[in-house]
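User: Hi! I am new to reading protein structures. Could you take one part of this one and walk me through it closely?

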Amino acid sequence: MAALMAGVAGCAFAEAPATSPRPVLRGSTATAPVASKSVRSAEALIKASGLDGDIAYVVADARTGLILEARSPNTPHMPASTAKALTTLYALDALGADYRFRTHLVATGPISNGRLNGDLVLVGAGDPTLDTDRLAQIAARLKVSGLREISGRFLVYGGALPYIKTIDPDQPDYVGYSPSIAGLNLNYNRVHFEWKKGGNGYAVSMDARSGHVRPDVRMARMKVVERAAPLFTYASTKNVDNWTVSRRALGTGGSRWLPVRRPDIYTGEVLQALAGSNGIALPAPQITGAVPGGTVLAEQTSAPLAEVLKDMLKYSTNMTAEVAGLTASAALGVKARDLSASGRAMTAWLAQRYGINSASFVDHSGLGAGSRISANDMVTALVKAGPNGALHSLMKDIPMRDAKGKPLKSHPVRVQAKTGTLNFVSALAGYMTAPDGTTLAFAIFTSNEARRARIVAAEAEAPRGAASWNKSSKTLQQALIERWAGVYGS
């Protein structure tokens, strides 16, 4: 358990922001040796990888759709985060590349001598990129409006999207990559937990830090307790997230991000603190189920959707994918009450738009293990989206690596793709450009569901054998890509 905390604080979450809530890159640090100069058969490469489980792939000419090579092409597999590539297509089609998420403050009455005679309402549209720095800009604009106090209530409205407690209920309560979703979101709906050992035990803090400010948070509370297990416990009372953590796992100090389960209250509380620093007295936030009429005093908009989605594909942010998918479903007239309903709407859209018939999505991020798609259908979508389409331009560069895992900048093959990783699931789908300029579309799905089924709760974040299995899968992925470049790119 101590090793688990040390790994989280010192690896996956330490590179995630001590100063910013942006997640770390996923799927970009695995070692994958370069294939030999001679072109080996796909079966020889699979055997050499030592990878156990199911393996499926399809590679096709990205311009004509001609399938060049395939293995189990029509078997549905868990796409993991490669699902975000399809969510990108869905959101761009429904909302447009220039769509922006808007967050604003509405006054329901007039302001006289700095006093609002009415309620102040924080209205969200689901902006997944809103962080504490940008919320501070809203507070600063509120100060410019002349407001100093209000006679009524401070309300928060997150009803633009359905409230979803966690993206995947099968994940542990404490993992930051499965937060809540609402129409008001802040810092990817995560709170920063920090601890330091002192003479009288541990000093702990919970804050909403961002690049320049780090207000303390009251709606998320932590208590250090003496026990062997579990690592964390979670309970909610009156819109407060109550956490406990095992003292034995803490060591001398560290930090990690924890999910927030009431993002509307969280956002309102942080704005209350930021307004206070600007000389504006606000009462504690209360949830409202409707947007009242009134005057807009301050607002903040996101970057254009295309930029938001590019970051989502780069950092594999689950919350952004779910917000984009839910917002797209709403724009298409689907009144989805949960992620599974919105996932079904995207599944139907994929069938209608791209002729995909093997897909079944339970969410938009690929975090839920119930989603499925075949390699053939994934490549069909990539081909129809086109090698010169918006998706290709938004995808992350995936470097080829040497035997020590170091990126090879001079490698002649270029890959723009989306990675996907769950426990004993590894996927890669996108476009590759061979040395002669030939562009291929490909999808590689690998999984071992039997090994997934044997994972125990105590190992949920880092199951035994998962890291080495994932490394073998990525080794195979690169070897296949280099094979295809050698066979079909000359």
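**A close look at helix 3**

Analyst: Happy to! Let us begin with the residues of helix 3 that are buried: A83, K84, A85, L86, T87, T88, L89, Y90, A91, L92, A94 and L95. Please keep in mind that this is a predicted model.

Helix 3 runs over residues 83-95, which makes 13 residues. From its first C-alpha to its last it reaches 18 Å, close to the 18 Å expected at 1.5 Å a residue. Twelve of the 13 residues are buried, so helix 3 is largely enclosed by the rest of the structure. To follow that step, you need one cut-off: a residue is called buried when its relative accessible area is under 20%. There is also a handy general point about helices. An α-helix has 3.6 residues a turn, so residues three or four places apart point the same way.

What does helix 3 pack against? Its buried residues pack against helix 6 (305-315), helix 7 (318-331), helix 8 (339-354), helix 9 (375-385), helix 10 (390-394) and strand 18 (414-422). Let us visit two of these neighbours.

Helix 6 has these buried residues: L305, V308, L309, M312, L313 and Y315. Their cover includes helix 3, along with helix 7, helix 10, strand 17 (396-397) and strand 18. After helix 6 comes S316, with a positive phi near 55°.

Helix 7 is another neighbour, and it is mostly covered, with twelve of its 14 residues buried. Among them are N318, M319, T320, A321 and E322. The cover over the buried residues of helix 7 includes helix 3, helix 6 and helix 8. Helix 7 reaches 20 Å from its first C-alpha to its last, close to the 20 Å expected at 1.5 Å a residue. It is followed by G333, where phi is positive and near 85°.

Now back to helix 3 and the stretches on either side of it. Just after the helix, G96 takes a positive phi of about 90°. Before the helix, the loop between strand 2 (67-71) and helix 3 holds A80. Phi of A80 is near 50°, a positive value in a residue other than glycine. Most residues other than glycine have a negative phi, and most peptide bonds are trans. How accessible is A80? Its relative accessible area is 0%, so A80 counts as buried.

P73 also lies in the loop between strand 2 and helix 3. With a relative accessible area of 25%, P73 is partly exposed. Not counting residues up to four places away in sequence, P73 touches V58, S374, A375 and N376. One of those partners is a good lesson in folding a chain back on itself in space: P73 and S374 are 301 residues apart in sequence, while their C-alpha atoms are 6.2 Å apart.

For comparison, here are two backbone features elsewhere in the chain. N189 is found in the loop between strand 8 (154-157) and strand 9 (190-198). Its phi is near 55°, a positive value in a residue other than glycine, and at 0% relative accessibility N189 is buried. The other feature is a cis peptide bond that joins A229 and P230, with omega about 0°. P230 sits in the loop between strand 11 (220-225) and strand 12 (232-237).

Finally, let us step back to the whole protein chain. It contains twelve helices and 20 strands. The radius of gyration is 24 Å, close to the 23 Å that the globule rule gives for 490 residues, so the chain is as compact as a globular protein of that length. Along its principal axes, the C-alpha trace spans about 80 × 55 × 40 Å. Buried residues make up 56% of the 490 residues. Among contacts between residues at least 6 apart in sequence, 71% join residues at least 24 apart. The accessible surface comes to about 19,500 Å², and 51% of that belongs to carbon and sulfur atoms.

To return to where we started, helix 3 is largely enclosed by the rest of the structure, and G96, just after it, has a positive phi.

Technical notes: Residues are numbered from 1 along each chain as its sequence is written. This is a predicted model: local features need pLDDT of at least 70, side-chain atom pairs count only at pLDDT 80 or more; totals for chains, interfaces and linings use all residues. Side-chain values use heavy atoms; hydrogens and water are left out. Helices (H or I, at least four residues) and strands (E, at least two) are DSSP runs, numbered from the N terminus. The expected span of a helix is 1.5 Å times one less than its number of residues. Buried means under 20% relative accessible area, exposed over 50%, partly exposed in between (1.4 Å probe, protein chains only). Contact means heavy atoms within 4.5 Å. The radius of gyration is taken over C-alpha atoms; the globule rule is 2.2 Å times the number of residues to the power 0.38. Accessible areas come from the Shrake-Rupley method with a 1.4 Å probe; for residues, only the protein chains shown count as cover.
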